[in-house]
Amino acid sequence: MSEKLQVGILGATGMVGQRFITLLENHPWFEIKTLAASPRSAGKTYEEAVGGRWKMDTPMPDVVKNMVVKNVNEVEEVASSVDFVFSAVDMSKDEIKKIEEDYAKTETPVVSNNSAHRWTPDVPMVVPEINPEHFEVIESQRKRLGTTRGFVAVKPNCSIQSYAPVLTAWKEFEPYEVVATTYQAISGAGKTFKDWPEMEGNIIPFIGGEEEKSEQEPLRLWGHIENGEIVKAETPVITTQCIRVPVLNGHTAAVFVKFKKKPTKEQLIEKLRSFSGLPQELNLPSAPKHMIQYLEDDNRPQVTLDVDYEKGMGVSIGRLREDTVYDYKFVGLSHNTLRGAAGGAVLCAETLKAKGYITKK
């Protein structure tokens, strides 16, 4: 029996599920044991189930090609062989909430990429460099679910990764008003240009539900635990616009900030460059050595040059300057399917293992 934790991937055939597979292929702590997807994929080998829909740049790993895909709805069967699961299922919000809690009730921890549980009061929504202490709410969640080992934990929306860590680094200067416009890659919709040719040379000024997530989810990250629930922060006030652009990977944000305490540009840059958190302290396998890089050139960050910074787990910031209406403005860039999706969930799982929440069954 391997010493590595045995992992299941729920929704393994979709784009985020595929990204999980590539990230876990040679992971030092985790080993893919079970792949689960919709009933139409169940019973097929993974290679047959995916068919021509493999969307990653790297080839499908040999280790998963001949794995027989299980039916994600057969919860006991899927959970019986694994220590925990990653969830990237494509279902309605209510269905996702139910199935993730059903897995948790089999005493199988669930680390989810989905949005369904992000506002469940006793479910931690975590960027490990920002709010790992929110994992403490798991104790209350287990009481509600009647579990000793099982729970659900989630990561936040991909769109906030290019500015929420920045505002966290600057919290001592008390940012109180933020305007952010995000320019979001098509892989955030689970698409490539082959699937979505009408996006070539095009911009769509609407992404359903995205603006509310982009405005509200950072406040939950900065919130606190009270009576076994996460209470969101009240400030800063954030307003956003979210735009789909013809880029494959990488969400860019143009951000304006007002501060109660007026910092210098040098102070702000120093805070970005020195920013780190628990994953860096623990030297977790997926943690970037430096989460935020500040780029001096006026024409950076650029998707083609900077999206893969720290293997896609870092954030690139540039064009920090004083503004005529707000105090400062800057441009941020993050990789939406790595830091923003599967990579962020893997880092959450590593943090949960390091803190003793995920163990061998």
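**Terms and model.** Helices (DSSP runs of H or I, at least four residues) and strands (DSSP runs of E, at least two residues) are numbered from the N terminus, and two strands are said to pair if DSSP finds at least two bridges between them. The structure is a predicted model, in which local features need a pLDDT of at least 70 and side-chain atom pairs count only at pLDDT 80 or more, whereas totals for chains, interfaces and linings use all residues. Residues are numbered from 1 along each chain as its sequence is written, and side-chain values use heavy atoms, with hydrogens and water left out.

**View 1. Strand 13 is joined by bridges to strand 12 and to strand 14.** Strand 12 (residues 292-295) and strand 13 (residues 315-322) run parallel and are joined by 4 bridges, whereas strand 13 and strand 14 (residues 328-334) run antiparallel and are joined by 6 bridges. The connection from strand 13 to strand 14 is a hairpin of 5 residues. Ile-317 of strand 13 is the bridge partner of Tyr-294, and Ile-317 also stands opposite Gly-332 in strand 14.

**View 2. Cys-158 and His-251 carry the UniProt feature "active site".** The annotation comes from an unreviewed UniProt entry; UniProt positions are given in the numbering used here, feature names are shortened, and annotations may be inferred rather than shown by experiment. UniProt places this feature at Cys-158 and His-251, which span 94 residues in sequence, yet their C-alpha atoms are no more than 7.9 Å apart, so the two residues gather at one spot. Both Cys-158 and His-251 belong to the lining of the largest pocket. A pocket, on a 1 Å grid over the protein atoms alone, is an open set of points where a 1.4 Å probe fits, with protein on both sides within 12 Å along at least five of seven lines, and lining residues have an atom within 4 Å of a point.

**View 3. The surroundings of Cys-158 and His-251 are shown residue by residue.** Cys-158 lies in the loop between strand 6 (152-154) and helix 7 (164-169), while His-251 is in strand 11 (residues 251-259). With a relative accessible area of 11%, Cys-158 is buried, and His-251 is buried at 0%; buried means under 20% relative accessible area, exposed over 50%, and partly exposed in between, with a 1.4 Å probe and protein chains only. Contact means heavy atoms within 4.5 Å, and, not counting residues up to four places away in sequence, Cys-158 touches Glu-210, His-251, Ser-334, Asn-336 and Gly-340. With the exclusion of residues up to four places away in sequence, the contacts of His-251 include Tyr-183, Ala-185, Arg-244 and Gly-332. A polar atom of the His-251 side chain lies 3.0 Å from the backbone nitrogen of Ala-185.

**View 4. Trp-170 is one of the residues that touch the most other members of the largest nonpolar core.** A nonpolar core is a set of buried Ala, Val, Leu, Ile, Met, Phe, Trp, Tyr and Cys residues joined through side-chain atoms within 4.5 Å. The largest such core has 50 residues, of which Tyr-103, Trp-170 and Phe-330 touch the most other members. Not counting residues up to four places away in sequence, Trp-170 touches residues including Val-257, Leu-268, Leu-320 and Phe-330. A second, separate core of 38 residues includes Phe-20, Met-56, Ala-88 and Val-346.

**View 5. Asp-195 is partly exposed in a loop.** Asp-195 lies between strand 7 (175-184) and helix 8 (210-221), and its relative accessible area is 35%. A polar contact of 3.2 Å joins the side chains of Asp-195 and Lys-55; a polar contact is a pair of N or O atoms within 3.5 Å, where within protein one must be able to donate a hydrogen and the other to accept it, and residues adjacent in sequence count only if both atoms are side-chain atoms. The backbone nitrogen of Thr-192 lies 2.9 Å from a polar atom of the Asp-195 side chain.

**View 6. Cis peptide bonds precede Pro-236 and Pro-301.** The bond joining Thr-235 and Pro-236 has an omega of about 0°, and Pro-236 is in the loop between strand 9 (229-231) and strand 10 (237-244). From Arg-300 to Pro-301 omega is near 5°, and Pro-301 is in the loop between strand 12 and helix 11 (303-306).
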